[in-house]
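Work through these short exercises on charged side chains. Try each task before reading its solution.

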Amino acid sequence: MANLSNELKKILNSLENNIEDEKTLSLAKTEMFNLYNIFLDEMSKMQELADNRIAELAESQERMNQKLNKIESGLKNIEKDIYIDGMQDEDYDLSITCPYCNKEFEVPTEDLKDEIICPECNNEIELDWGTDSCDGNCSEGGCFHHCDNEDDM
């Protein structure tokens, strides 16, 4: 701003040195001051807009940081749920209830397949892993893929 004020003083001095008529000189100085004030007002408005935008960006950044912290916290909780007490390399057993005899038994996760045999009644139990594909060989009443196995119609 100091440079702007110095330049204005130079222009005013130039006007005083080159305009002999006092009325014309006064009008020129007044108009220069008006132009100078308009320029300063516009600069102030631009600075205010920039300051507001920076404040909005800072608020947005803070909201994003809070969301990121929540996500990180959630991930840490998921990690704790998955890796209970640092036992991430150990195998776990899956608890299964036989739909035929209601016997509850456990199967090591490494032994899981699409079908298992109940140790109590020796019936074959089909395991549904949530896949939507069906090979058409579903056991009677056990297909949840809406297969048309009823060829009797």
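**Exercise 1.** Is Arg53 buried, partly exposed or exposed in this predicted model? Then find its salt-bridge partner.

*Solution.*
- Step 1. Arg53 has a relative accessibility of 45%. Partly exposed covers the range between 20% and 50%, so Arg53 is partly exposed.
- Step 2. The partner is Glu56, with the closest N and O atoms 3.2 Å apart. The cut-off is 4 Å, so the pair counts as a salt bridge.
- Step 3. Glu56 is partly exposed, at 43%.
- Step 4. Both residues sit in helix α2, 3 residues apart, or about one turn of the helix.

**Exercise 2.** Which residue forms a salt bridge with Glu42, and where do the two lie?

*Solution.*
- Step 1. Lys45 is the partner, with 3.6 Å between the closest N and O atoms.
- Step 2. Both lie in helix α2 (residues 22–82), 3 residues apart.
- Step 3. Glu42 is partly exposed at 39% relative accessibility. Lys45 is partly exposed at 49%.

**Exercise 3.** Classify Glu7 and Lys10 by accessibility, and place them in their helix.

*Solution.*
- Step 1. Glu7, at 35%, is partly exposed.
- Step 2. Lys10 has a relative accessible area of 54%; exposed means over 50%, so Lys10 is exposed.
- Step 3. Their side chains form a salt bridge, 3.6 Å from N to O.
- Step 4. The two are 3 residues apart in helix α1 (residues 2–18), so about one helical turn separates them.

**Exercise 4.** Which residues gather in a surface patch of negative charge?

*Solution.*
- Step 1. The patch holds Asp114, Glu115, Glu124, Glu126 and Asp128.
- Step 2. Glu124 belongs to strand β4 (residues 124–126).
- Step 3. Glu124 is partly exposed, at 46% relative accessibility.

How values were computed:
Residues are numbered from 1 along each chain as its sequence is written. This is a predicted model: local features need pLDDT of at least 70, side-chain atom pairs count only at pLDDT 80 or more; totals for chains, interfaces and linings use all residues. Side-chain values use heavy atoms; hydrogens and water are left out. Patches are made of residues with over 30% relative accessible area and no salt bridge: like charges are joined within 9 Å, nonpolar side chains (Val, Leu, Ile, Met, Phe, Trp, Tyr) within 5 Å. Accessible areas come from the Shrake-Rupley method with a 1.4 Å probe; for residues, only the protein chains shown count as cover. Lys and Arg count as positive and Asp and Glu as negative; His and the chain ends are not counted. The place of a charge is taken as NZ of Lys, CZ of Arg, CG of Asp or CD of Glu. Helices (H or I, at least four residues) and strands (E, at least two) are DSSP runs, numbered from the N terminus. Buried means under 20% relative accessible area, exposed over 50%, partly exposed in between (1.4 Å probe, protein chains only).
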